[in-house]
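The exercises below are meant to be worked with the sequence and the coordinates open side by side. Each one sets a task and is followed by a solution in steps.

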Amino acid sequence: MKRFFISVLVLLTAVSLPAQKFTGLAKTPPMGWNSWNKFHCDVSEELIMKMADAMVSSGMKDAGYEYIVIDDCWQVSRDENGEIVVDPERFPHGMKYLADYIHSKGLKFGIYSSAGTVTCQRRPGSRGYEFQDARTYARWGVDYLKYDWCGSSTQNAKASYTLMRDALFKAGRPIVFSICEWGSNNPWEWGAEVGHLWRTTGDISDNWNSMISIFEKQKDLARYAGPDGWNDPDMLEVGNGGMTYEEYKTHFSLWCMLAAPLIAGNDLSNMTPETKSILMNKEMIAVNQDTLGVQATCYRDDYGYQIWVKPLANNEKAVCLLNRSDEKKSILVNFEELARIRTMVRRFRPPTGTAGTSATGAARMGPPAQAGAAGAPAPGVAVTPPQGFGGQRPPQLTLADYRIRDLWEHKDLTLKETSVYIELLPHTVKVYKFIRK
Ligand code: GLA
């Protein structure tokens, strides 16, 4: 009964307010699973139920993964009333049944469509049917919509995604809105008003070069990410077989550092212990899910060897050493210097803030990378008190204030010297968390 009244309240609020995005649905990057990377069009009710079961039995749910998202190919046509028709052979009981099943497991249900006339696999898109489809999704119990850009021809991206945002709002069910226009129209500049995450690049493939080149493209985007609006470098390939164990560890670490959505894309019912140890590395996940919600920035870039820093709540930080080259590297790492990096949080949010977006902070490092943190903010850049810093530059801490934890070895470092040589094999990372003593 109580739930009924809450639903009525949400609905009344939705119809009486000007359309906007549902806020607060993705305070930390969304976590879940999506069918595309592994199964492509081979989706069915049976498969999705199996994945939901495996999400629970494997421990993925306990590790924080929540959404089960069916990507392209669940839809076949529209009926005479314009209603989207679910493939009756592959989904014999329809979507409401599947949503109920997923919800009964304590998970959430996601679906896919496109802003254009067709999806990328030439199934019917939502163009011209936005409000009808949004009502349908709400009726089925959808919690997450990935909205693609195929079949969009000359459509305006921001307007098209805003239309679906408004349709979802009017339909009255809070649905995470995942913008998937491949970074073609600078979605980081308008995405936070419209949705909760936005793809920043074309599709990932299951190999090192694809993964690392997508990662590179995130370098200048940190200031656009934050609670309720995340850069999305695409779904995870961990466990799909095209990279080595070490490369998958790197892939996962980098996505955690980027505060990227963690959407697994492998067969959850058939995971090796290695795959599980990566996807369920809870210490790495905690870095990704940190409440400060700041994406890592590059502190040093030196011939394929990079240092990335992600500020965390409570003036803690995660530091990732990356060897993206094909040669072994031995690097002198100065932990005192890393401990002393002070972070200023400055985050871009569209100036109008019409969509209930609040301005909260992106990372700016202390010297040497971006010493200009004290400069006046550019238009549209809001500087707000980052959590725990009281709006000031964070206090100067030193190595003595922290213990340093290796997030893959799962143990604290014992440093004999403040500067230590660290060996990094090709394509590998070390991730350290600086934890306040
Ligand atoms: C596009 C998207 C992918 C996937 C496919 C499905 O390529 O970027 O993530 O959804 O469409 O057809």
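Two strands are taken to pair if DSSP finds at least two bridges between them. The model used throughout is a predicted one.

**Exercise 1. Determine which strands pair with β1 and in which sense, and establish how the residues of β1 point.**

Step 1. Strand β1 covers residues 31-34, and 3 bridges join it to strand β10 (residues 262-264), the two running parallel. Within that pairing, methionine 31 has leucine 262 of β10 as its bridge partner.

Step 2. Strand β2 (residues 67-69) also pairs with β1 over 3 bridges in the parallel sense, and here tryptophan 33 stands opposite isoleucine 68.

Step 3. In a regular strand the side chains alternate between the two faces of the sheet. In β1, Met31 and Trp33 point one way while Gly32 and Asn34 point the other way, and all of these residues are buried.

**Exercise 2. Give the strand order of the open sheet that contains β11, and state which strands stand at the edges.**

Step 1. The sheet is formed by 6 strands in the order β11-β12-β13-β21-β18-β19, with antiparallel pairing.

Step 2. Because β11 (297-302) and β19 (411-412) each have a single partner strand, they stand at the edges, and one side of each is left without a neighbour in the sheet.

Step 3. At the β19 end, strand β18 (residues 402-406) is joined to β19 by 2 bridges in antiparallel fashion, and aspartate 406 has lysine 411 as its bridge partner there.

Step 4. Tyrosine 303 is placed in the loop between β11 and β12. Although tyrosine 303 is not a glycine, it has a positive phi of about 50°, and with 73% relative accessibility it counts as exposed.

**Exercise 3. Decide whether lysine 310 is buried or exposed, and describe its surroundings.**

Step 1. Lysine 310 is found in strand β12 (residues 305-312). The cut-off for a buried residue is under 20% relative accessible area, and since lysine 310 has 0% relative accessibility, it counts as buried.

Step 2. Leaving aside residues up to four places away in sequence, lysine 310 touches a set of residues that includes Cys256, Met257, Val287, Asp290, Val294 and Lys317. One of these, valine 287, is 23 residues apart from lysine 310 along the chain, with 8.2 Å separating the C-alpha atoms of the two.

Step 3. A polar atom of the lysine 310 side chain lies 3.2 Å from the backbone oxygen of valine 294.

**Exercise 4. Identify the buried residues of helices α5 and α6, and find what packs against them.**

Step 1. In α5 (residues 94-104), Gly94, Met95, Leu98, Ala99 and Ile102 are buried. An α-helix has 3.6 residues a turn, so residues three or four places apart point the same way.

Step 2. The cover over the buried residues of α5 includes α3 (45-57), β2, β4 (84-86), β5 (108-114) and α6 (130-140).

Step 3. Of the 11 residues of α6, 8 are buried, so this helix is largely enclosed by the rest of the structure. Among the buried residues of α6 are Glu130, Asp133, Tyr137 and Trp140, and the elements they pack against include β3 (75-78), β6 (144-148) and α7 (157-171), together with α5.

Step 4. A glycine with positive phi comes just after each helix: glycine 106 after α5, at about 80°, and glycine 141 after α6, at about 95°.

**Exercise 5. Characterise the shell around the ligand and its polar contacts.**

Step 1. The residues surrounding the ligand include Trp36, Asp71, Asp72, Tyr112, Cys120, Trp182, Arg199 and Asp203. By class, the shell divides into 5 nonpolar, 1 polar and 6 charged residues.

Step 2. A polar side-chain atom of glutamine 121 lies 3.1 Å from a ligand oxygen atom. For lysine 146, the distance from a polar side-chain atom to an oxygen atom of the ligand is 2.8 Å, and an N or O atom in the side chain of aspartate 148 is likewise 2.8 Å from a ligand oxygen.

Step 3. On its own the ligand has 300 Å² of accessible area, of which the protein covers 94%.

Terms used
Residues are numbered from 1 along each chain as its sequence is written. This is a predicted model: local features need pLDDT of at least 70, side-chain atom pairs count only at pLDDT 80 or more; totals for chains, interfaces and linings use all residues. Side-chain values use heavy atoms; hydrogens and water are left out. A residue is near a molecule or strand if one of its heavy atoms lies within 4 Å of it. A polar contact is a pair of N or O atoms within 3.5 Å; within protein, one must be able to donate a hydrogen and the other to accept it, and residues adjacent in sequence count only if both atoms are side-chain atoms. Accessible areas come from the Shrake-Rupley method with a 1.4 Å probe; for residues, only the protein chains shown count as cover. Ala, Val, Leu, Ile, Met, Phe, Trp, Tyr, Cys and Pro count as nonpolar, Asp, Glu, Lys and Arg as charged, and the others, Gly among them, as polar. Buried means under 20% relative accessible area, exposed over 50%, partly exposed in between (1.4 Å probe, protein chains only). Helices (H or I, at least four residues) and strands (E, at least two) are DSSP runs, numbered from the N terminus. Contact means heavy atoms within 4.5 Å.
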